[in-house]
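Thanks for passing this one along. Here are a few friendly notes to read beside the model.

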Amino acid sequence: MLVALVAVLLSQDPDAVSGGLARAKTVEKCVSIYTPAKKTFPTAYIRGVSVEAADCTRRVMNAELDTVLVPLKKSDAPRFKLGMQAQASFNTAVKKYCGRWERWYADCCSTCSFTEQPECEMDFHAARLTLLKAVGDEGAAKRERTTKDFSEFATQWCQFLGDTSDTCASRVLGVLEHGQRDDGRELKCGK
């Protein structure tokens, strides 16, 4: 067992993974660094690495959002404010939606790997960048929890985009849901 653990740790250096996540410039790079670590690192390491990976995707998301929002600060202050409000709503919704795992870990599985919550966040950060480029046509959201937690953000983002169509918020919610592995269900001990 000890020999296997040493072999795994030598195959991928945890410090190199952490450094790579800190330098990654795209969500795809964050994920490509995280995925092999998740498959090989023991629970004690992957807990920290999964949080670092979520921090990586959040940092990349924020940097890309800044390229769109910051120039508006002087050129279109009301639109900048709307974009910042939409992002604040998004951040609150992600924290609420994915944060439900914290209680589950504490109550039900203190020895788990703790990857579900950071991966939930990573999926939403990636979806947020998709929305930054354009509202896709993924169809209406089907998950009640996503609709409930992210509806304020979806409305604000459509306002930011200037999209007054009746379907904009549904398309935004559909994009958010499309790549999300977490189904939003209530968590109970025994999963």
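How many disulfides does the structure hold?

1. This is a predicted model, and the structure holds 4 disulfides. Three of them are described in the points below, together with a helix that carries one of the cysteines.

2. Cys30 and Cys56 form a disulfide with their sulfur atoms 1.9 Å apart. Cys30 belongs to helix H3 (residues 27–40) and Cys56 to helix H4 (residues 43–69), so this pair ties together parts that are 26 residues apart in sequence. The link is left-handed, with -70° about the S-S bond. Cys30 and Cys56 are both buried.

3. Cys98 and Cys120 form another disulfide, and here the sulfur atoms lie 2.1 Å apart. The pair links distant parts of the chain, 22 residues apart: Cys98 sits in helix H6 (residues 77–108) and Cys120 in helix H7. The torsion about the S-S bond is about -75°, so this disulfide is left-handed. Cys98 counts as buried because its relative accessibility is 0%, and Cys120 is buried at 1%.

4. Helix H7 deserves a look of its own. Its 18 residues, 116–133, reach 26 Å from the first C-alpha to the last, close to the 26 Å expected at 1.5 Å a residue. H7 is mostly covered, with 14 of its 18 residues buried.

5. For Cys158 and Cys168, the sulfur atoms of the disulfide are 2.0 Å apart. With -100° about the S-S bond, the link is left-handed. Cys158 lies in helix H8 (residues 144–161) and Cys168 in helix H9 (residues 168–178), so the pair ties together parts 10 residues apart in sequence. Both cysteines, Cys158 and Cys168, are buried.

Notes. Residues are numbered from 1 along each chain as its sequence is written. This is a predicted model: local features need pLDDT of at least 70, side-chain atom pairs count only at pLDDT 80 or more; totals for chains, interfaces and linings use all residues. Side-chain values use heavy atoms; hydrogens and water are left out. Helices (H or I, at least four residues) and strands (E, at least two) are DSSP runs, numbered from the N terminus. The expected span of a helix is 1.5 Å times one less than its number of residues. Buried means under 20% relative accessible area, exposed over 50%, partly exposed in between (1.4 Å probe, protein chains only). A disulfide is a pair of cysteine sulfur atoms within 2.5 Å.
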